[in-house]
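Thanks for making time this morning. I would like to walk you through a few local details of the backbone and of one side chain, and then stop for discussion.

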2 protein chains.
Amino acid sequence: MAGAISREELQLAARNHGLPLEALRFEVTPVGLHYLLIHYDIPEVDPAAWRLQVDGLVERPLSLGLEDLRARPAVEVVATMECAGNGRARLEPHVVSQPWLEEAVGTARWRGTPLAPLLAEAGLRAGAREVLFTGLDRGVEGGEEQAYARSLSLADASGEDVLLVYELNGAPLPPQHGFPLRLLVPGWYGMASVKWLARITVLAEPFAGYQMRSSYRLRREEGEEGVPLTRIRVRALMIPPGIPEFLSRARVVAAGRCVLEGRAWSGEAEVVGVSVSTDGGTTWAEAELEPPSLGRWAWRAWRFTWHAEPGEHELCCRARDAAGNVQPLEPEWNLGGYANNAVQRVRVTVAA
Amino acid sequence: MAGAISREELQLAARNHGLPLEALRFEVTPVGLHYLLIHYDIPEVDPAAWRLQVDGLVERPLSLGLEDLRARPAVEVVATMECAGNGRARLEPHVVSQPWLEEAVGTARWRGTPLAPLLAEAGLRAGAREVLFTGLDRGVEGGEEQAYARSLSLADASGEDVLLVYELNGAPLPPQHGFPLRLLVPGWYGMASVKWLARITVLAEPFAGYQMRSSYRLRREEGEEGVPLTRIRVRALMIPPGIPEFLSRARVVAAGRCVLEGRAWSGEAEVVGVSVSTDGGTTWAEAELEPPSLGRWAWRAWRFTWHAEPGEHELCCRARDAAGNVQPLEPEWNLGGYANNAVQRVRVTVAA
């Protein structure tokens, strides 16, 4: 593995939570095992006093309480969410930020009200092109004091599964997932699904705030304009088989039949296959892919039966989607350390 | 801060979860914000097939299902739990293991059935002295393959608040907290509260397994017998005031009246006071301590009004308990990096 992690990165790793990979066995991730990336602090919100403002280029600005939103038509979407920084700590040269290995993912049942009809009720004025979402979480980043805020094009914001979410897995949103209300943009990296929503503002132009202009862009060099991150790249992860060593997490597997299992997802198109290698990527075989029982935006389960022979092995899994995307074998470096969907490699020792 | 963190430690930090310190504002920690230290993997348990075995030096060995345990008298205890390794990453020389700063803590409403009457029903045989608790979680540690297992003296196991817990905060135990059943030993570091309980065995002698003999002992040197860790040392933590910088977590506070708040606890005796310093420990003043509304085993809230003047400040809080224990100003090093309850130091910049 690459080099050491600084104390500043440790502070981030200690407060942001990853999915322990054995929790891939749950098709819907239990609360407390879903990944969390929280830029600033979890804000304190009084739900009785909280209002969502809808303003900007609209005919009728709105101010909605939580009960107003709960009274609107409700939709439940099961969606896999992944942090744009997942895989960052596997990159070389090292990129300093939240040091995810590959655990920044989770799948939840998100319940809320669709955004598009609410924007239609507010009435878009001439020139409306973009929708800005502003959270209650405040901090300093890149030298700028800010509330976390990101925008979507009007077309992206009008997607039928774009929701204003107030429930996760059948219960009110927990504080750490954006209570009382968050945006959900299924298929996009998590940065788009703004938590602790306070305000939705219709704009004539894309928003040029820090989280749009400076963060969440694929760049090779400083100063480059770069490409904004949007949809989640295809990825498969495996439940590490056998049992772990506490400190090194090295895995020990019993010889014989061993069922390798995991999940695969892509925000760009449906997952169409997962292949598995048990020799570090030299040879590959096709895994069995389960039907997409949870809908378009959720991960799909896969399994592969391995006949484990004594010795050292490197297990890999590699997903591909209907748009022709396939996971790279090696990381593709970029300045922000984003979207590294290189194949997972799990080293195991099969006992004699 | 001390030096760098290795990749092995990062793997641990990425799967074990800390309490983001702003979550100290909740008197009972929401699910998903409580700390988690999981030695091996979260085991998969079929609750219908699961049984708790009670055996060893008992007259009538028992085999109990979850419904049998739920049918027994139920008690709810609010208890603060802390990892014995909390504070480890603040020690120098560096100790390699889960690199906690100070976030390995949480408070939950634990509901279950008292252990002592269950042991009485099983009937202790002559020579019964110790009770061993074995979990379903398996791994390798110190070169030994093992299920996580720890023992308590019969006296400690018979404490009236020692529970077999099946609910956390009013809902079934989540997988990561020991579903379907765990032990709760209020006031002790978390290692005693064995998760995913499978077996309770009454013994004639203290158990000499890895987690008793090798781990969880205060030692200055290898080979020393050391002192076993038991009760949680006194500690106060503060909600870092103001707003954070994303990467460094440096805090910016507005000038003027600033209420510093936090919580304090001790497993050894009741907390009797918290003092606060806003000048890095040169001078101290007494904080206001709230009544122990959640019972003996839960943390207590404290608050202190600070008149913040522009400049750089180091804020500290320091608790003391009824047994005369007070937090040290500097860490007390030991080989395993345990029980570091040195005062928290929060650096803030007050804007002009």
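**A buried asparagine and some unusual backbone**

Let me begin with A:Asn340, which counts as buried because its relative accessibility is 4%, and the cut-off for buried is under 20%. Please keep in mind throughout that this is a predicted model. A:Asn340 sits in the loop of chain A that runs between β21 (311-321) and β22 (344-350). What does the side chain of A:Asn340 have a polar atom 2.8 Å from? The partner is the backbone oxygen of A:Gly87. Leaving aside residues up to four places away in sequence, A:Asn340 touches A:Gly87 together with A:Asn86, A:Arg90, A:Leu91, A:Arg235, A:Pro331 and A:Glu332.

Now to the backbone, where, as a general matter, most residues other than glycine have a negative phi, and most peptide bonds are trans. In chain A, the peptide bond from A:Glu92 to A:Pro93 is cis, with omega near 0°, and A:Pro93 belongs to the loop between β3 (75-82) and β4 (105-114). In chain B, B:Glu92 and B:Pro93 are likewise joined by a cis peptide bond, with omega about -5°, and B:Pro93 lies in the loop between β3 (75-82) and β4 (105-114) of that chain.

The last item is a tryptophan. A:Trp196, although not a glycine, has a positive phi of about 50°, and its place is the loop between β9 (182-184) and β10 (197-203) of chain A. A:Trp196 counts as buried, since its relative accessibility is 1%. For B:Trp196, phi is also positive, at about 50°, and this residue counts as buried at 1% relative accessibility.

How values were computed. Residues are numbered from 1 along each chain as its sequence is written. Chains are lettered from A and ligands numbered from 1 in the order in which they are written. This is a predicted model: local features need pLDDT of at least 70, side-chain atom pairs count only at pLDDT 80 or more; totals for chains, interfaces and linings use all residues. Side-chain values use heavy atoms; hydrogens and water are left out. Helices (H or I, at least four residues) and strands (E, at least two) are DSSP runs, numbered from the N terminus. Buried means under 20% relative accessible area, exposed over 50%, partly exposed in between (1.4 Å probe, protein chains only). A polar contact is a pair of N or O atoms within 3.5 Å; within protein, one must be able to donate a hydrogen and the other to accept it, and residues adjacent in sequence count only if both atoms are side-chain atoms. Contact means heavy atoms within 4.5 Å.
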